[in-house]
Amino acid sequence: MPSTAELPLDVKLMTVLTHALVVLFVLLGLGLFTTWLVRHPIWSVRAIAVQGDVSHQSAVTFRAQLSQQMKTRLTSSFLTVDLQQVRQLFESVPWVRSAVVQREFPNRLRVTLEEHQAVAWWGQSGSGQLVNKLGEVFDASPDDSDGLPELAGPREKSAEVWSLYQLLGGELARLDLGLERLELTERGTWRAELDSGARVELGRGTPDELLERTRRFTGTLSQLTERYAGAVQSVDLRYPNGYALRLRGVTTVIDTPPGTKQPRR
């Protein structure tokens, strides 16, 4: 059999180098083509569709608040735009609780919004801080604030305050008493104010304990108001087996058995 001549070393090196250069040029070509394709005007974001809860916002207000930021954030193409940045932009707008951003081929973004639903003021009425139905505090000013109660306390306790408000408010509503304000003080005690202006000292305790004290009050209030004329001025529910009630024009009435200890502060 004829023998096969082995290629010289320099020829082998030249062959390997040629193959390597071909692969390199192919990769460079693919990279340049990909970059050109991604940056082609056809992939520019042409529109942003907004849907969901938008009762407090409109296309005009979004454009006014986000147009400048959008110009700087949407410099990349439809394929490379950072959806998280767009989401954060929309969530920075007042009343927007959350935003979900999706791509829509070939050049649109769709944003689905969830707005806060205000249920109370946080702090004083008109403070610019509200509480939503999940007990979260957010910054906004409602168009119509009539009927919103006031909740107060450490901000990290806002959900706890809102939960207790619903619990006690339902009990007081049985007697057509409106809970106008509920506050958790720095000392960890609870106090409330009714829509009549009456102040209520609830003291410390679990939600069940505070509800039981409130029921003790609502269960006997009608009997006392029939006996004593005058509107309720203040109520102290911190007594272990009763409560103290002050009516306008009437001295304090303590509905407790003889020898009952004084309330815990």
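Trp 95 is buried, at a relative accessible area of 7% (buried means under 20% relative accessible area, exposed over 50%, and partly exposed in between, with a 1.4 Å probe and protein chains only). Trp 95 sits in the loop between α3 (83–91) and β2 (96–104), and its phi is positive, about 80°, although it is not a glycine. This is a predicted model, where local features need pLDDT of at least 70, side-chain atom pairs count only at pLDDT 80 or more, and totals for chains, interfaces and linings use all residues. Residues are numbered from 1 along each chain as its sequence is written, and side-chain values use heavy atoms, with hydrogens and water left out.

**The chain overall**

- The secondary structure adds up to five helices and 13 strands (helices are DSSP runs of H or I with at least four residues, strands are runs of E with at least two, and numbering starts from the N terminus).
- Of the 265 residues in the chain, 34% are buried.
- Take the contacts with a separation of 6 or more: 45% of them come from residues 24 or more positions apart (contact means heavy atoms within 4.5 Å).
- About 16200 Å² of the chain is exposed, and carbon and sulfur atoms supply 54% of that (accessible areas come from the Shrake-Rupley method with a 1.4 Å probe; for residues, only the protein chains shown count as cover).

**Backbone oddities**

- As background, most residues other than glycine have a negative phi, and most peptide bonds are trans.
- Asp 176 is another residue other than glycine with a positive phi, this one near 60°.
- Asp 176 belongs to the loop between α4 (158–173) and β8 (179–184), and it counts as exposed because its relative accessible area is 71%.

**Glu 115, a buried acid**

- Glu 115 is part of strand β3 (residues 108–115).
- Glu 115 is buried but has no salt bridge, and the nearest side chain of opposite charge, Lys 133, is 11 Å away (a salt bridge puts a side-chain nitrogen of Lys or Arg within 4 Å of a carboxyl oxygen of Asp or Glu; for charge, Lys and Arg count as positive, Asp and Glu as negative, while His and the chain ends are not counted).
- What the Glu 115 side chain does have is a polar contact of 2.9 Å with the side chain of Ser 55 and one of 3.1 Å with the side chain of His 56 (a polar contact pairs N or O atoms within 3.5 Å; within protein, one must be able to donate a hydrogen and the other to accept it, and residues adjacent in sequence count only if both atoms are side-chain atoms).
- Setting aside neighbours within four places in sequence, Glu 115 is in contact with residues including Asp 53, Val 54, Gln 57, Trp 95 and Arg 97.

**Buried helix positions**

- Leu 66, in helix α2 (residues 59–73), counts as buried because its relative accessible area is 3%.
- Beyond residues up to four places away in sequence, Leu 66 touches Leu 89, Phe 90, Ser 92 and Val 93.
- The C-alpha atoms of Leu 66 and Val 86 are 10.0 Å apart, with their positions 20 residues apart along the chain.
- Thr 214 is in helix α5 (residues 207–227) and is buried, at 3% relative accessibility.
- Not counting residues up to four places away in sequence, Thr 214 touches Leu 168, Glu 171, Leu 172, Leu 202 and Leu 237.
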